[in-house]
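User: Could you walk me through how the ligand sits in this model, and what empty space is left elsewhere?

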Amino acid sequence: MTSPEILKAVEILQNQGLVAFPTETVYGLGADADSDKAVEKVFRAKNRPFNHPLIVHLAHKRQLIHWASAISPLALKLADIFWPGPLTLVLKKQPHVLDSVTAGQNTIGLRIPQHPIAQALLQAFGRGIAAPSANQFTHVSPTTANDVRDELGNAVDLILDGGDCEVGLESTIVDMTQDQPVILRPGMITKAQIQAVLGLPVLSRSQEVSAIRTPGMHHIHYAPVTATQLIEHADISGFIEKLKPEQGAIVILFRSEIPITHPQVTLIQMPNEAASYAHDIYHTLRQLDKGNFKQIIIETVPGNGEWEAIRDRLIKASNTG
Ligand code: TXA
Ligand code: MG
C-alpha cells in the first residue's frame with residue numbers, strides 16, 4: 001500500500017509542485033518532467049542557469065523507450081546491469097521531451113534510482129520525475145533531509161526524509177550517443193566496472209572535445225562557501241608549520257596520520273576506504289561550512305578506481321585553485 005506521505009508527494013507533483021526526495025546518491029529536487037511550469041520552478045528554486053539539463057528519473061526499464069530513442073544494445077546492457085542504481089545514461093531523446101528539461105539538446109539523461117523512497121514515489125507517480133540535486137547552484141549536494149531544508153527552505157513543497165544517502169556522491173553519467181561511450185561525470189560506479197560490462201574501452205570527458213553542456217563545467221561547482229584547498233599529504237606538515245595568526249582557524253581533513261598539532265588547526269580523520277569517504281564527504285563539508293573556519297584543507301586522495309569520483313568532487317570543491 002502506498003503511504004500517505006507518498007500520496008501527498010504525488011499530488012504535489014501532479015499540481016506542478018516540487019518534492020525533494022532521497023536517492024541512494026544524493027537528494028533530488030523533483031518535478032513532473034512533462035510540465036514546463038514545474039520544471040521552470042526547479043531552475044528558479046536552485047538559481048540554476050537554464051542551459052544545464054536535468055536528469056529524468058524513472059521507476060522501470062520499460063519506461064525507457066518513452067523517453068529515449070535509438071537505444072543501443074550497449075546502453076541496454078548498462079541499464080540491465082546497473083539499474084536500479086547510481087548510473088545515469090545520456091541517450092537520444094524522444095521528440096516530446098521538453099526543451100526545458102534537456103536545455104534544448106537532442107539528448108536526455110535518464111536514471112532509475114534504487115532508494116526505496118525514490119522507487120515508491122516514481123511508481124506511485126507513474127511518470128518521469130525531472131530532478132537535479134536538491135541544492136543551490138554551485139553548492140555541495142545534500143545527503144540528508146536537513147541539508148535540503150538548509151539549501152531550499154520554502155522553495156520546496158515537501159521533503160521526503162529517507163535519512164542519509166548511502167552512496168553520498170552523484171551518479172556516474174555515461175554518454176551513450178557517441179560512437180564510443182564517454183563518462184561525463186565519474187561516480188561510484190567506476191570506469192573499470194563499465195568497461196568490464198561493455199567489453200570495450202570507455203572515454204572520459206577530459207579526453208573528449210565536445211560542445212555539449214557537461215557536468216561541473218563551471219569553475220566553482222559542488223563547492224563549500226569557505227575557502228577550500230587540496231594539499232598533498234607530504235606538504236601538510238610544512239603548511240601547518242608556516243601558519244600565521246592572521247590565517248585564523250583552519251580545519252584539515254586528513255586520511256593518513258599527521259605528526260604535528262597547532263592551536264589554530266582542527267584535525268578531522270576521514271575514512272581510508274573510498275565508499276565510506278564518499279558517504280561522509282559532502283555532509284562533513286557542509287557541517288564545516290557552518291563553523292567559523294577561515295579555510296578547509298583537504299588531503300588529496302588517489303585518482304583511480306572508486307577514488308576517481310571523490311577526487312573529481314574534491315577538485316571542484318577547492319575554490320582557491
Ligand atoms: O545522482 C544524481 O545524478 C543526482 C540524483 C538526484 O539523481 N542528480 C544530479 O543531478 O546530480 P544534477 O542536475 O545536479 O546533475 C546532473 C548533471 C548536470 O551537470 C547536467 O549538465 C548533466 O547531468 N546532464 C543532464 N542531462 C544531460 C545531457 N542530456 N547531456 C549531458 N549532460 C547532461
Ligand atoms: Mg547538482
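Analyst: Happy to! A polar contact here is a pair of N or O atoms within 3.5 Å; within protein, one must be able to donate a hydrogen and the other to accept it, and residues adjacent in sequence count only if both atoms are side-chain atoms. This is a predicted model, where local features need pLDDT of at least 70, side-chain atom pairs count only at pLDDT 80 or more, and totals for chains, interfaces and linings use all residues. Side-chain values use heavy atoms, without hydrogens and water, residues are numbered from 1 along each chain as written, and chains are lettered from A and ligands numbered from 1 in written order.

User: How far is an oxygen atom of ligand 1 from an N or O atom in the side chain of Arg185?

Analyst: Arg185 is among the closest residues to ligand 1 (near means a heavy atom within 4 Å). Its side chain places an N or O atom by a ligand oxygen, at a distance of 2.8 Å.

User: Which strand gives the most to the shell around ligand 1?

Analyst: Strands (DSSP E runs of at least two residues, numbered from the N terminus) 3, 6 and 10 each supply at least two shell residues. Thr107 has a polar side-chain atom 3.0 Å from a ligand nitrogen, and strand 6 spans 107–111. With four residues, the top contributor is strand 6.

User: Of the residues of the shell around ligand 1, how many are charged?

Analyst: The shell holds 23 residues. Counting Asp, Glu, Lys and Arg as charged, Ala, Val, Leu, Ile, Met, Phe, Trp, Tyr, Cys and Pro as nonpolar, and the others, Gly among them, as polar, 11 are nonpolar, seven polar and, as charged, five.
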